[in-house]
Amino acid sequence: MKKLLAVAGLGLAAVAGAWAQTPDDYPANYAQAPRFRALAYYSADAEPAHVEFAEQAIDYLWHLSWGEGFILDRATSLEGMTADSLAQYSVVVDINALPSSAAERKLFEDYMENGGGWVGFHAAGYNDESTAWPWFNTFLGAGRFFCNTWPPQPALMTVDIAGHDVTRNLPAEFVAPECEWYQWRPSAADNPDVDVLCSLSPKNLPIGIKDVVTGGEFPVVWTNRRYRMIYLNIGHGDREFTDPTQNLLFVNALRWVVSRDPSGNPFEKRGAE
Ligand code: ZN
């Protein structure tokens with residue numbers, strides 16, 4: 001890896017010289033600034049399909065961090081962390097589980113209320129009566145889990161806000177890979193603080209074979225504008241990283257949350273001065 005990068009670097013230097021470009025008009029922006037930190041938060045003791053997703057998601061994130069683009073840490077609990085240590089992270093990627101202990105929840109609430117970043121997948125948005133964490137519903141912008149489709153299946157996804165940074169390079173509609181699709185009550189789609197970026201198209205209805213959903217709101221990707229967060233109801237099983245459009249959506253979502261870090265946008269890096 002390092003050797004390949006070194007060779008590529010030499011080639012680019014030669015081309016830049018031949019074109020007599022100055023640093024100001026060179027279009028690439030190589031990493032010359034501190035990297036951001038991301039924390040992958042997950043459970044290895046969850047529903048098997050959610051553990052499968054976690055393994056693949058961590059692998060996918062790790063590949064995104066190649067070339068020292070960012071620092072990826074992982075944790076199955078926030079216990080032992082402090083507000084300061086959690087605040088080092090530009091983003092917590094919540095892959096398949098919610099903070100469960102009172103100490104973890106307090107840390108996470110303080111992190112998010114003070115400008116923290118969150119990308120939540122699928123099971124990270126699941127909550128029911130036993131969750132008993134009202135703050136989380138305010139944060140998520142939706143109520144309790146209400147129902148789901150079964151078995152996991154592909155579905156037509158519609159982009160609801162095409163001009164958003166997360167969706168601007170996506171097609172208006174695309175077929176998302178196999179997932180178990182959730183609904184909540186109340187739905188995030190009815191929350192005035194929420195921007196729904198992608199939904200399952202009504203053309204999918206009725207959807208399911210064993211558990212069939214015939215109607216209702218199907219927001220899949222949304223942000224609660226009161227927080228630096230995005231939720232994607234995607235993340236069930238081992239097929240989620242098989243589609244380039246959906247993978248692009250994942251990268252966009254991560255990049256968008258990180259780009260809004262109150263300490264500065266790490267993607268607007270300046271060259272060494
Ligand atoms: Zn699931």
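Is H50 buried or exposed? Select this residue to begin: its relative accessibility is 5%, so H50 counts as buried. The coordinates displayed are a predicted model.

**The zinc site**

Next, select the zinc ion together with its donors. H50 and H122 each coordinate through NE2, E180 through OE and H236 through ND1, at 2.0 to 2.1 Å. Along the sequence, these donor residues follow the spacing H-x71-H-x57-E-x55-H. H50 belongs to helix α2 (residues 48-64), whereas E180 sits in the loop between β7 (173-179) and β8 (182-185); the pair therefore ties together parts that are 130 residues apart in sequence. Centre the view on E180: this residue counts as buried because its relative accessibility is 8%.

Now display the angles at the zinc ion. The four donor atoms subtend 95 to 145 degrees, and the arrangement is therefore irregular. For reference, the ideal angle for four tetrahedral donors is 109.5 degrees.

**Helix α2**

Extend the selection from H50 to the whole of α2. The helix has 17 residues and reaches 24 Å from its first C-alpha to its last, close to the 24 Å expected at 1.5 Å a residue. Colour its buried residues: A49, H50, V51, F53, A54, A57, I58 and L61. Because an α-helix has 3.6 residues a turn, residues three or four places apart point the same way. To see what covers the buried residues of α2, add β1 (36-41), β2 (70-75), β3 (91-94), β4 (117-121), β8 and α6 (244-259), which are among the covering elements.

**The nonpolar cores**

From α2, move to I95. Leaving aside neighbours within four places in sequence, I95 is in contact with F53, A54, A57, I58 and L61, and also with A40, Y41, Y42 and F121. I95 is one of the residues that touch the most other members of the largest nonpolar core, which has 44 residues; M157, W181, I230 and L232 complete that group. Select α6 afterwards, since this helix gives the most to the core, with seven residues. A second, separate core of 33 residues can then be located through M81, V92, W118 and W222, which are among its members.

**The whole protein**

Finally, return to the full view. The protein contains six helices and eleven strands, and 47% of its 273 residues are buried. Of the contacts between residues at least 6 apart in sequence, 76% join residues at least 24 apart. With the surface displayed, the exposed area is about 13600 Å², of which carbon and sulfur atoms supply 54%.

Methods
Residues numbered from 1 in each chain as written. Predicted model: local features only at pLDDT ≥ 70, side-chain atom pairs only at ≥ 80, totals over all residues. Heavy atoms only, no water. Helix = DSSP H or I, 4+ residues; strand = E, 2+ residues; numbered from the N terminus. Buried < 20%, exposed > 50% of the residue type's maximum accessible area, 1.4 Å probe, protein only. Contact = heavy atoms within 4.5 Å. Areas by Shrake-Rupley, 256 points an atom, 1.4 Å probe, with all protein chains shown as cover. Donors = N, O, S within 2.8 Å, 3.2 Å for Na, K, Ca; no water. Tetrahedral: all angles 85-135°; square planar, octahedral: opposite > 155°, others 65-115°. Expected span 1.5 Å × (residues − 1). Core = buried A, V, L, I, M, F, W, Y, C linked by side-chain atoms within 4.5 Å.
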